[in-house]
Amino acid sequence: MMTRDLQNGDSMRHVPQPRLRAGAILILTLWILVVLTGMVLVLARSMRVEGARSANYAAVQRAIGIEQGAIQYVLACVDGLEGAVPTEANTPANGVMVGNGLFWIIRPDFDDNERQGYGIVDEASKININYAGVDVLMMLPRLLGEDAAAIIDWRDSDISLTPGGAESEFYLTLPDAYQCKNGPLETVEELLLIRGMLPEVLYGEDTNRNGVLDENENDADESYPPDNNDGTLDRGVYDLVTVYSSEPAAGASGEESGEASSGSQPVDVNSASPNQLRQVFEASLSANRLEEIVARTWTLRPFKNVLDFYFRTKLTYDEFKAFANRLTANPPSSGRGGSSSSNVKRGLININTASRDVLLCLPGIGDPEAGAIIQRRADQTADEGIAWVVEALPEERAVAIGSFITSRSYQFSADIVSVSGNGRAFRRCRIVVDARESPPRVVYRRDLTSLGWPLDLEIMDALRAGAAMEDVLEETTGLEVR
Ligand SMILES: [Ca+2]
Ligand SMILES: [Ca+2]
Ligand SMILES: [Ca+2]
Ligand SMILES: [Ca+2]
C-alpha cells in the first residue's frame with residue numbers, strides 16, 4: 001500500500017497523467033460555461049428590464065401625444081362660437097379614441113356625487129373672484145364674511161383694511177412671509193395664498209378633484225383626506241369660481257362702424273339717440289308702439305340694466321325677447337361697478353349655464369328662485385339671451401341680478417385625462433382657453449397626473465389586460481362605438 005502510494009506520488013511529480021489533465025480541462029470548461037450562462041442570463045434580464053422600460057417610455061409618449069391632440073380638440077370645439085357654449089352633443093368627451101389611445105374631458109356633476117360628468121366647462125358659469133363683491137363671495141360654500149373680506153383686500157390695489165380682511169401686516173407675520181398682492185388673482189389656486197383659504201376650503205373632500213365621492217373621501221380618518229363620512233361629497237369652492245370670465249368689448253370684432261350696421265354692436269338704452277333706438281325696435285314693433293316705447297325710454301332713463309328697462313317700459317315679453325340681445329345698459333356715470341372699462345364686461349355670470357350653487361350667490365336668490373331659473377332656462381326654444389329671466393323671477397329679483405348676468409361665454413376649461421391604448425401610461429391636465437379671438441389661446445395649463453387615475457379603475461385594468469379600446473368604451477359608456 002505504502003509503496004504504491006509513494007510510486008504514485010513520484011509519477012505525479014515527474015510525468016503528469018493525461019487523464020487527470022483532461023479532467024482539469026473539463027472542470028475549467030464547465031466553469032467557463034457556468035460563467036457564460038450566468039452572463040447570458042444577466043444580459044437577458046437587463047434586456048427584459050430595458051424592454052419594459054422602453055415600452056413604458058413609449059406609452060408615456062403616446063399619452064402625451066394624445067393629451068396634445070385633446071388640447072387641440074378643445075381649441076377647435078370652442079373656436080368661432082361667438083359667445084355660445086359648446087353643447088354636449090357637439091363635443092363628445094366621454095372616451096374619445098385618438099391614435100392608439102383614449103381621452104376623456106371630465107367635470108363635476110353637481111347633482112350627483114357618484115356620477116362622473118364629462119365635457120368642457122364654461123368659465124362664465126362661475127363666480128369671478130376678481131370682480132365679485134363681499135356680499136356675493138360670502139355666499140360661496142365654506143366662505144365666511146372675513147374670508148370674503150380677505151379676498152377683497154388681496155386683490156384691491158389699496159392697503160387699507162376692509163373690516164375683517166387682511167393686508168400685508170398679516171402676511172408679513174407668517175413664518176414664510178410675503179406681501180399682500182394688491183392686484184387681481186391670476187389663477188384660482190392663488191386663493192391658497194390668502195388668509196383662511198386652506199386646501200379644504202378650495203377642494204373640500206374631493207382631494208383628487210374628479211367631482212366624484214371616492215372611497216378614501218368617505219371613510220372618515222381611515223385614509224387621507226379627513227372627511228365626515230356622511231355619504232356625500234362636501235365640495236370646495238374650486239369648481240364654483242374663476243378668474244377668467246370676460247366678454248370682448250362690444251362691437252370690437254365688427255369692422256363696420258357701429259351705427260350703420262344692424263350687426264353686433266349693442267345699443268345702450270341709457271345713452272342711445274331716439275334714432276338708434278328706432279333702428280333696434282322697428283323690425284318687431286308697429287309704428288305707434290315704437291314711438292311709445294322710444295318716448296318712455298327717453299323719460300324713464302337711467303335704467304339699472306336691460307331687465308329694468310323691460311319692466312319699466314312695460315314691453316310685452318314677445319316684444320322684448322325679439323331685441324333683448326341687441327340692448328345693453330351701461331351705468332350712466334360709468335364710474336360705478338368697477339367691472340366695465342371701455343365696454344369690456346368682466347366677471348358676468350352666464351345665467352344659462354351657472355350651477356345652483358353659483359345662482360345662490362346672486363343677490364336675492366334663494367332656493368325657490370334658483371329652482372325657477374333652472375326650470376325656465378331648460379324651456380328655451382331658441383336663444384332668448386337673458387330675456388327669459390323676466391319670466392322666471394318677479395320684477396324686484398330680476399332687476400337685482402340683471403347687472404350680474406349674461407348669456408355669452410368666451411372662456412372655457414377642460415380637465416383632460418388621456419391614456420395609452422395598452423393602459424401602461426396616463427396623463428391628466430387642466431387647461432383654460434380664451435376664445436375671444438380666433439384661433440383661441442390656451443391661457444392656463446396645469447399637470448394633474450400626480451393626483452392619480454381619476455376614472456373607474458376597471459377602465460385601466462381592462463386596457464392593461466389587453467382589451468380593445470372599442471370594447472372598453474362600449475362597456476363603460478353603454479354606447480355602441482364600432
Ligand atoms: Ca389691498
Ligand atoms: Ca374624488
Ligand atoms: Ca378619508
Ligand atoms: Ca362628506
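1. Two strands are said to pair if DSSP finds at least two bridges between them, and in this predicted model strands S14 and S15 meet that condition in the antiparallel sense, over nine bridges. Within this pairing, Phe 412 stands opposite Val 433 in S15. The two strands form a hairpin with five residues between them, in which Gly 423 takes a positive phi near 70°.

2. Strand S14, which covers residues 411-420, is a good place for a new reader to begin, and it is mostly covered, with 10 of its 10 residues buried. In a regular strand the side chains alternate between the two faces of the sheet. Here both faces of S14 are covered, with Gln 411, Ser 413, Asp 415, Val 417 and Val 419 buried on one side, and Phe 412, Ala 414, Ile 416, Ser 418 and Ser 420 buried on the other.

3. Strand S14 has further pairings to consider. Strand S2 (residues 101-107) runs antiparallel to S14 and is joined to it by six bridges, with Leu 102 standing opposite Val 419. Strand S4 (residues 121-122) also pairs with S14 in the antiparallel sense, over two bridges, and in that pairing Val 121 stands opposite Ser 413.

4. Is strand S16 (residues 441-447) largely in the open or mostly covered? The number of buried residues among its seven is zero, so S16 lies largely in the open, whereas S14 is mostly covered. Strand S15 (residues 426-434) pairs with S16 in the antiparallel sense over six bridges, and Cys 429 stands opposite Asp 447 in S16. These two strands form a hairpin as well, with six residues between them.

5. Turning to the interior, the largest nonpolar core has 101 residues, and those with the most contacts inside it are Ile 120, Ile 127, Ile 129 and Ile 349. Helix H2 (residues 18-78) gives the most to this core, contributing seven residues. When neighbours within four places in sequence are left aside, Ile 349 is in contact with Ala 124, Ile 127, Ala 354, Val 358, Phe 404, Ile 405 and Thr 406.

6. The packing of helices H7 and H8 deserves a separate point. Helix H7 (residues 274-281) packs against H8 at an angle of about 135°, with the axes 10 Å apart, and the two helices are therefore oblique to each other. The crossing is right-handed, and the residues that meet are Pro 274, Leu 277, Arg 278 and Phe 281 in H7 and Leu 290, Ile 293, Val 294, Thr 297 and Trp 298 in H8.

7. Glu 292 also belongs to helix H8, which spans residues 287-300. This residue has 14 C-beta neighbours inside 10 Å and so counts as partly exposed, since that class lies between 12 or fewer neighbours for exposed and 20 or more for buried. Its C-alpha atom is separated by 9.1 Å from that of Thr 313, although the two residues are 21 residues apart along the chain.

8. A second pair of helices is formed by H15 (residues 457-464) and H16 (residues 469-477), whose axes come within 10 Å and cross at roughly 160°. That angle makes H15 roughly antiparallel to H16, because angles over 145 degrees are counted in that way. The contact is made by Ile 459, Ala 462 and Leu 463 of H15 together with Val 472, Glu 475 and Thr 476 of H16, and the crossing of these helices is right-handed.

How values were computed. Residues are numbered from 1 along each chain as its sequence is written. Chains are lettered from A and ligands numbered from 1 in the order in which they are written. This is a predicted model: local features need pLDDT of at least 70, side-chain atom pairs count only at pLDDT 80 or more; totals for chains, interfaces and linings use all residues. Helices (H or I, at least four residues) and strands (E, at least two) are DSSP runs, numbered from the N terminus. A nonpolar core is a set of buried Ala, Val, Leu, Ile, Met, Phe, Trp, Tyr and Cys residues joined through C-beta atoms within 7 Å. Two residues are in contact if their C-beta atoms, placed from the backbone, lie within 7 Å. Axes are lines fitted to C-alpha atoms, for helices over the stretch in contact, and angles run from 0 to 180 degrees between N-to-C directions. Angles under 35 degrees count as roughly parallel, over 145 as roughly antiparallel, 65 to 115 as roughly perpendicular and the rest as oblique. A crossing is left-handed if the near helix is turned anticlockwise from the far one by less than a right angle, and right-handed if clockwise.
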